[in-house]
Amino acid sequence: MPARTRALSLAFAMLLSCVTAATATGTATGTASAATAPEAVKRTAECSGDWLPATPTSEEIMKGELSFLDLPAVKVGKDVNWRWSPYNNRSWDMVFHSLRWMGRLVADYESNGDAAYLARATEIAKDWVRDNPRGGRTTSPYAWEEHPIALRAPALVCLSMHVKADWLTKSLAEHARMLSNPKLYEKGHNHGIDQDIALLGIGCRYKRAEWSSLAIRRLTETVELDVDSQGALREQAPRYALYVHSRLRVAMDNIKACGRKVPAEIVKRWESLEGFIAHSTQPNGQMVPIGDGGPDVRPEAFDHPKETVKVFRGGYVYGRTAWDKPASAYYSIRFGPGQMYHGHEDHLGVTYYAQGHDVLVDVGFHSYEDTAYRKWTNAPEAHNVPVVVGEAFRPRTATKLVKASTGGDRQSYRLTDRAYGVSRTRSVLVNHGSDVMAVLDSASGGREISNIWHFAHDLTTVSASGGAVVVKDGGGWKATLLQYALPSCKPVSGLKVVRGQTRPYQGWVSPAYLKKRPAPAVLSPASADPLLTIVVPGVDRPEVRCGGGKVSVETTDGTVTFRATAAGGLS
């Protein structure tokens, strides 16, 4: 199994478990014993920052209680069993070996002066070093993976600010050697950023210029690869742009603290990430759940750009009616390089938010565990995409955006790829004000095509007949999906609504880590004709007139008319 596959979840785990530097340094989670008057302890930059976890607290750690990833707490003894995996969860195991929770004790020792915290932190770290020699017969398989090394090193550097011991110095030197190894370096990836932060920290701590210089040089190269000139993250999950933005801020602060100059390109790419994050955020304040990112991620508010529509060459189209209005319509479209890193097989996929409601959604991110459900969430069938019937899917196929019209209150696009060995083409039109999304799918060579549509899990099916599916939420708000074959404009019969199916998986949404909820999924029957799908928020079975390449749809705010032809797409 590749190293990144085994280590891929720790950045996500840190997003769940970390708090800001202000929280970490501004308060202590425990208080000094009344029987021992604490001495003043110097606070250090090495023991503050966003790497410190909110849970477990120091009081919990002192009682031997560890809780990671919102999973129930477990008990660990004074002599820790580092091969223990209570949940058989790789993310949990890697947070365990990151020792950031040990660093929580040291940070709180700096706040409250309780020497017991420092003593226990020292015991934990020394026990880990003793029980996990690199290459040892009983060493945990996660101990020396590239990402745990990178995230553990700053915690050990923090401890070294208060503990002078040969075993600790030698362990940090071993960490630096591993972090310097080009065979282990994850260039152009968030893991590489963490590796460079760790190596820089050890180099600055022990005045090893060769380590610090290597870290800064590699970091510059990694950032230029991972964040393109538009600010789009190449890891194919917008949520990870938040992590990279946060970690680059740490890296830049640490470079300055080390007496070095921050390369201008790092600053430029870091700043450009903010626009990408803003465009990736829906009107409800939550990030659109593309790739390994759930719908429960709410970024801090960045100054948003003026433009309401943005095409990122890295593979994202985002559009909205207006900024700072929760009821604004919003959509996303995926294209670009083939699936990589934290991406899913979601090319040609769309999402749609309108009138304050999630309408069409990506099913989201469940976990990194190697389960049938996880594999399904990555597959095309878990996204709002067209499928070429009877043809094998070709993973990691790139998709081209061949046409884009982004002006005014109406935008239209055309995308194509050969993910099924033949040309698969999708045209998308979004009308704002009078909210409508229209999608036209076709395949070359007379191949039959079908498509899949995932509604939000808080919507239930009202009716499904005559080429129309109506859904509603608990408050009675409704939306309608209609489908027609072109050029005949005949309503497509046989639309199937699936909810909570397990063999195979279909009709699910993951609203948060390790969570899944049944949700309506609409599956169209195979069609040799192009399929026109129209989604109308706020309306139960709107009137539609279709013929002669022209379509008119009645919405809550008036009539929307557009052109729809197999040859010309949507306009």
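# A tour from Gly231 outward

Begin by selecting Gly231, which sits in the loop that links helix H11 (209-226) to helix H12 (239-257). The model in the viewer is a predicted one, and every value on this tour was computed from it or, where stated, taken from a record. Gly231 has a relative accessibility of 0% and therefore counts as buried, since the cut-off for that class is under 20%. Now add Ser272, Leu273 and Phe276 to the selection, because these are the residues that Gly231 touches once those up to four places away in sequence are set aside. Trp270 is worth showing as well: Trp270 and Gly231 are 39 residues apart along the chain, and their C-alpha atoms are separated by 7.7 Å.

Stay in the loop between H11 and H12 and move to Gln236, which is also placed there. The backbone deserves a look at this point, as phi of Gln236 is near 65°, a positive value in a residue other than glycine. Is Gln236 buried or exposed? With a relative accessible area of 2%, Gln236 is buried.

Next, select residues 72-312, the range at which UniProt, in an unreviewed entry, places the feature "domain: Heparin-sulfate lyase N-terminal". Colouring this span by secondary structure should bring out its helices, for it is 57% helix and 2% strand. The C-alpha atoms at the two ends of the span lie 40 Å apart.

Within that range, go to Glu307, in the loop that runs between helix H13 (264-279) and strand S3 (309-312). Glu307 is partly exposed, at a relative accessible area of 37%. Which residues is Glu307 in contact with, leaving aside its neighbours within four places in sequence? They are His279 and Trp323. For a sense of distance, draw a line from Glu307 to Trp84: these residues are 223 apart along the chain, and 51 Å separates their C-alpha atoms.

Now turn to residues 338-519, which UniProt lists, again in an unreviewed entry, as "domain: Heparinase II/III-like C-terminal". The composition of this span is 4% helix and 45% strand, and its end C-alpha atoms lie 28 Å apart.

Inside this second range, select Ser427, a residue of strand S11 (residues 424-431). Ser427 is buried, its relative accessible area being 4%. Residues up to four places away in sequence not being counted, Ser427 touches Tyr413, Arg414, Ala438, Val439, Leu440, Gly569 and Leu570, and showing their side chains together with Ser427 gives a view of its surroundings.

From there, follow the chain to the loop between strand S16 (478-485) and strand S17 (490-491), where Pro487 lies. Inspect the bond that precedes this proline: the peptide bond from Leu486 to Pro487 is cis, with omega near 10°. Cys489 is found in the loop between S16 and S17 too, and it has a positive phi of about 65° although it is not a glycine. The relative accessible area of Cys489 is 12%, and Cys489 is buried.

A further stop with a cis bond is Pro504, in the loop between strand S19 (501-502) and strand S20 (505-506). Here the cis peptide bond joins Arg503 and Pro504, and omega is about -5°.

Finally, zoom out until the protein fills the window. Its secondary structure comes to 14 helices and 28 strands. The radius of gyration is 26 Å, close to the 25 Å that the globule rule gives for 571 residues, so the protein is as compact as a globular protein of that length. Rotate the C-alpha trace onto its principal axes and it spans about 85 × 45 × 45 Å.

Switching to a surface view, note that the protein exposes about 21,900 Å², of which carbon and sulfur atoms supply 51%, while buried residues make up 59% of the 571 residues. How many of the contacts between residues at least 6 apart in sequence join residues at least 24 apart? The share is 65%. As a last selection, show the charged residues: the protein has 68 positive and 58 negative charges, and the mean positions of the two sets are 4 Å apart.

Note on methods. Residues are numbered from 1 along each chain as its sequence is written. This is a predicted model: local features need pLDDT of at least 70, side-chain atom pairs count only at pLDDT 80 or more; totals for chains, interfaces and linings use all residues. Side-chain values use heavy atoms; hydrogens and water are left out. UniProt positions are given in the numbering used here, feature names are shortened, and annotations may be inferred rather than shown by experiment. The radius of gyration is taken over C-alpha atoms; the globule rule is 2.2 Å times the number of residues to the power 0.38. Buried means under 20% relative accessible area, exposed over 50%, partly exposed in between (1.4 Å probe, protein chains only). Contact means heavy atoms within 4.5 Å. Accessible areas come from the Shrake-Rupley method with a 1.4 Å probe; for residues, only the protein chains shown count as cover. Lys and Arg count as positive and Asp and Glu as negative; His and the chain ends are not counted. The place of a charge is taken as NZ of Lys, CZ of Arg, CG of Asp or CD of Glu.
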